[in-house]
Amino acid sequence: MSLGVGGQNLFSINDQFMQMNLINQRVRLGGVEIWELRNEAHMAHPIHVHGVSYQVLSRDGASPPEWERGHKDTVLVHRDETVRLAMRFTQRADEAHPYMYHCHILEHEGIGMMGQFTVL
């Protein structure tokens with residue numbers, strides 16, 4: 001995995017850069033959670049979550065457009081936008097084999113914009 005330009009991590013999630021030995025989130029098997037994604041970067045980021053599909057609840061507090069109301073595994077979060085997602089976690093993932101969430105722009109993922117989570 002690249003450390004970015006000049007050895008620097010450039011993109012993060014919750015001010016944390018990807019670390020293989022770090023579990024960023026722990027969720028309960030069978031649980032339903034609402035995740036809020038806030039993009040304070042200067043560009044849009046397509047965010048992908050492994051092991052789960054989700055529904056977009058809102059974009060900046062407004063209902064999502066009709067075409068965006070089905071189950072998704074990737075959501076585009078625009079600059080200065082907050083997107084709320086509802087997820088049900090039905091597949092187990094332990095610390096030895098965690099799931100990941102990340103920006104789906106390969107260069108961003110490669111320079112730190114991803115994290116890991118367990119479902120137990």
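**View 1. A salt bridge joins Arg26 and Glu95 in this predicted model.** The side chains of Arg26 and Glu95 come together with N and O 3.0 Å apart. Arg26 belongs to strand 1, whereas Glu95 sits in the loop between strand 6 and strand 7 (99-103), so the pair ties together parts that are 69 residues apart in sequence. Arg26 is exposed because its relative accessibility, 52%, is over the 50% cut-off. Glu95 has a relative accessible area of 49% and is partly exposed. The structure holds seven salt bridges, and this pair is one of them.

**View 2. Five strands make up an open sheet.** The strands follow the order 1-8-7-3-5, and their pairing is mixed. Strand 1 (25-27) and strand 5 (74-77) are the edge strands; each has a single partner strand, so one side of each is left without a neighbour in the sheet. On average, neighbouring strands of this sheet are turned by 20 degrees against each other, direction ignored.

**View 3. Strand 3 and strand 5 pair in the antiparallel sense.** Strand 3 covers residues 45-49, and four bridges link strand 3 to strand 5. Within this pairing, His48 of strand 3 is found opposite Thr74 in strand 5.

**View 4. Strand 6 pairs with strand 2 and with strand 4.** Strand 2 (residues 32-39) and strand 6 (residues 81-88) run antiparallel and are joined by eight bridges. Here Glu36 stands opposite Arg84 in strand 6. Strand 4 (residues 54-59) also pairs with strand 6 in the antiparallel sense, over five bridges. Opposite Arg59 is Val83 in strand 6.

**View 5. Arg38 and Glu40 form a salt bridge.** The N to O distance between the two side chains is 3.9 Å. This pair counts as a salt bridge because the distance is within the 4 Å cut-off. Arg38 is partly exposed, at a relative accessible area of 41%. Glu40 is exposed, at 63% relative accessibility.

**View 6. Arg69 and Glu66 form a salt bridge.** Their closest N and O atoms are 3.2 Å apart. Arg69 is partly exposed, with 40% relative accessibility, while Glu66 is exposed, with 61%. Elsewhere, Arg59, Glu68 and Glu81 are joined into one network by salt bridges that share partners.

Notes:
Residues are numbered from 1 along each chain as its sequence is written. This is a predicted model: local features need pLDDT of at least 70, side-chain atom pairs count only at pLDDT 80 or more; totals for chains, interfaces and linings use all residues. Side-chain values use heavy atoms; hydrogens and water are left out. Two strands pair if DSSP finds at least two bridges between them. Helices (H or I, at least four residues) and strands (E, at least two) are DSSP runs, numbered from the N terminus. Axes are lines fitted to C-alpha atoms, for helices over the stretch in contact, and angles run from 0 to 180 degrees between N-to-C directions. Buried means under 20% relative accessible area, exposed over 50%, partly exposed in between (1.4 Å probe, protein chains only).
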